[in-house]
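Welcome, and please take a moment to look over the sequence and the model below. A short guided report follows.

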Amino acid sequence: MTDCQADGEGARSPMELYEKLNAQGEKVRSLKTAKAEKAEIDAAVQLLLKLKVDYKQMTGNDYKAGCPPSENVVMSDNGLAADGADDEDTVDPWNVATSNAKGVDYDKLIVRFGSSKIDQELVDRIEKVSGQKPHRFLRRGIFFSHRDMHQVLDAYEKNKSFYLYTGRGPSSEAMHVGHLIPFIFTKWLQDVFDIPLVIQLTDDEKYLWKDLTLEECHRFAVENAKDIIACGFDVNKTFIFSDLDYMGSSPEFYRNVVKVQKHVTFNQVKGIFGFTDSDCIGKISFPAIQAAPSFSNSFPQIFGGKKDIQCLIPCAIDQDPYFRMTRDVAPRIGYPKPALLHSTFFPALQGAQTKMSASDANSSIFLTDTPKQIKNKVNKHAFSGGKDTVEEHRKYGGNADVDVSFMYLTFFLEDDEQLEKIKQDYTSGALLTGELKKILIETLQPMIAQHQERRKQVTDEMVQQFMTPRPLNFHF
Ligand code: TRP
C-alpha cells in the first residue's frame, strides 16, 4: 500500500496522473489477459482505484480513458468509467453481475460512479433532521450511496421542502420482494419528512425494450400500481402515473422531455447507456422521459408552475446512469439537479452474484407466493454459507457474508440485536443453516401474507384516484 500512496501523490500534474492511470489500466488489462494470480490482479485494481480517487481530488473530474484532463470538464457529472476494463462488476440499468459471492463491491461503485457514501454522519443527520430513528435500510447500509443529500437536509432545516420521485418499469404482473425495497424506503421518507411523492411507471420503456404489446405494458403498470399502493402510500400525498397515459395529457411534462432531448447528444447516450446504431430511436430518446419527473414543473397540478422545488430520488444504484444524465442537463435548462439515494441490489436466492429476476420463478420470492411456496423456495434454493455436514458446521461455523438467507434477514428483520445475535450464532456454528432458514421463512411468510391482504383492499377506484393528476395535500 505504501507503494501505491507514493504513486498517486507522486504525480505533480493532472496530466502526469492521467498518464499513470492509463498505464495502470493497461497493466490491469494485461494481468487479466494473462490470467495472473488473483492477488496480483486485486493489488493492481486497488492501485488503479486509488489513482482514480487522487485524480478526482486533483481535477474535480472523473478519470476517463481517452479523455485527457483538459477535455474532461464537459460531462463532469457523468462518472461512468468508459473504460470499464478495470472492474469485474457489471452494473447498468439492464445488467447486474459480479464474480464475487458477497455481491457487488459497492465501495468501488461509489468511486466509479462518482457518488458519495452514506456514512454514519449522514445517517445521524437524517435522524436529527427528521426526528425519527433511521430506517433499517439506512442503519444497515442497504441505502449506501447518495448525491447531494446534505444539500437537501440543509434546505429542509431552513424550511425549504422537497419532493420524492421514484419509479418502476412494469415488465410483468409478478413483482417480487426485491421490487419493494425502494418503495418501502420511499414510504418511510414520505412519512418522516411529510412530503409529496410522484411514482413513474415506465410502461413505454418496457414496450421499447421487451417483446410486449403496448396494451400488456399498460396493464402491467396498473397491476403493479396495486402492489405499490399496498405499501401504504398516502393518497393525499402521492401521484402514480403511467407514461403512456400521462405523457399525452400533460403539455408541461412533454415540454421538459423535449428540453432534455435537445441537450443530450446521441454520442452522450451511447457513452452513458451503451446504445448502438441498431437500437431503435425510442430507446435512444427514452432517458429524457425518465429525467422529466425530476423537475417540479412537470407536475403543475401538484407544484403550480414552480420549477425550482428540489427533487430527491430513492432508487437502486443501477438507475444512476439516467440521473447522472439528468443532473448534467438540469443546470443548462434552468432547473435544480435532483438529489439521489442509492440502494444495493436485492440478491437472487441462488446468490449475490446477480439481482433477482422476475422472469425466473425460482430466483425470487414473489408477492403472490403462498406460505408453502416461500418455505420450499427458501429451503431448496437459498444459497447457504453453511458447511456441508452438521459436524463441520458446529466446528467451523457458517459464513454469513455469502449466505442469502442471512442477507434477506438484513433487509427484513427489524430488530438489530436479534440480527446481530443470529450472525454471531451462525458464524460460531451454534446456529445451523436449517435453523437460519426457518427464521427467514417465519419472517417472510407473515410479511407476504400481510402484503397480499393489503393488496386485496386496493380497489380499482383507489388505483384510479392515485393515478389521476390532481393537487396533493401540500403547500410549498
Ligand atoms: N427504469 C426503471 C425500471 O426499469 C423505472 C423508473 C422510472 C425508476 N423512473 C424511476 C426507478 C425513478 C427509480 C427511480 O425499473
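A residue counts as buried when its relative accessible area is under 20%, as exposed when that area is over 50%, and as partly exposed in between, using a 1.4 Å probe and protein chains only. This is a predicted model, where local features need pLDDT of at least 70, side-chain atom pairs count only at pLDDT 80 or more, and totals for chains, interfaces and linings use all residues. Residues are numbered from 1 along each chain as its sequence is written, and side-chain values use heavy atoms, with hydrogens and water left out.

**The sheet**

Let us begin with the strands. Helices (H or I, at least four residues) and strands (E, at least two) are DSSP runs, numbered from the N terminus. Two strands pair if DSSP finds at least two bridges between them. Here, seven strands make an open sheet with mixed pairing, in the order S3-S4-S9-S8-S5-S6-S7. Strand S3 (116–117) and strand S7 (238–242) are at the edges with a single partner strand each, so one side of each has no neighbour in the sheet.

At one edge, S3 is joined by two bridges to strand S4 (residues 143–147), and the two run antiparallel. Ser-116 has His-146 as its bridge partner in S4. At the other edge, five bridges connect strand S6 (residues 197–201) with S7, and this pair runs parallel. Gln-200 finds its bridge partner in S7 at Phe-241.

Are the residues of S7 buried or exposed? Five of its five residues are buried. Thr-238, Ile-240 and Ser-242 cover one side, while Phe-239 and Phe-241 are on the other.

Within strand S9 sits Ser-343, which is buried because its relative accessible area is 2%. Contact means heavy atoms within 4.5 Å. Leaving aside neighbours within four places in sequence, Ser-343 touches Ile-142, Phe-143, Phe-144, Cys-315, Ala-316 and Ile-317.

Helix H7 (residues 149–157) lies across S4, strand S5 (162–168), strand S8 (310–316) and strand S9 (339–343), at about 75° to S4. Axes for this angle are lines fitted to C-alpha atoms, for helices over the stretch in contact, and angles run from 0 to 180 degrees between N-to-C directions.

**Salt bridges**

Side chains of opposite charge can pair when their charged atoms come close. A salt bridge is a side-chain nitrogen of Lys or Arg within 4 Å of a carboxyl oxygen of Asp or Glu. The structure contains 30 of them, including these three:

| Pair | N to O distance |
|---|---|
| Arg-125 and Asp-154 | 2.7 Å |
| Asp-320 and Arg-147 | 2.7 Å |
| Asp-279 and Lys-283 | 3.4 Å |

Which parts of the chain does the pair of Asp-320 and Arg-147 tie together? Asp-320 lies in helix H16 (residues 320–329) and Arg-147 in strand S4, so the pair ties together parts 173 residues apart in sequence. Both Asp-320 and Arg-147 are buried. Arg-125 counts as buried because its relative accessibility is 16%, whereas Asp-154, at 36%, counts as partly exposed. Lys-283 is buried too, at 15% relative accessibility. Elsewhere, Arg-136, Arg-139, Arg-140, Glu-414 and Asp-416 are linked in a salt-bridge network.

**A loop residue**

Finally, look for Asn-362 in the loop between strand S11 (351–355) and helix H17 (371–381). With a relative accessible area of 35%, Asn-362 is partly exposed. Its C-alpha atom is 9.4 Å from that of Val-378, 16 residues apart along the chain. Leaving aside neighbours within four places in sequence, Asn-362 is in contact with Leu-349, Gln-350 and His-381.
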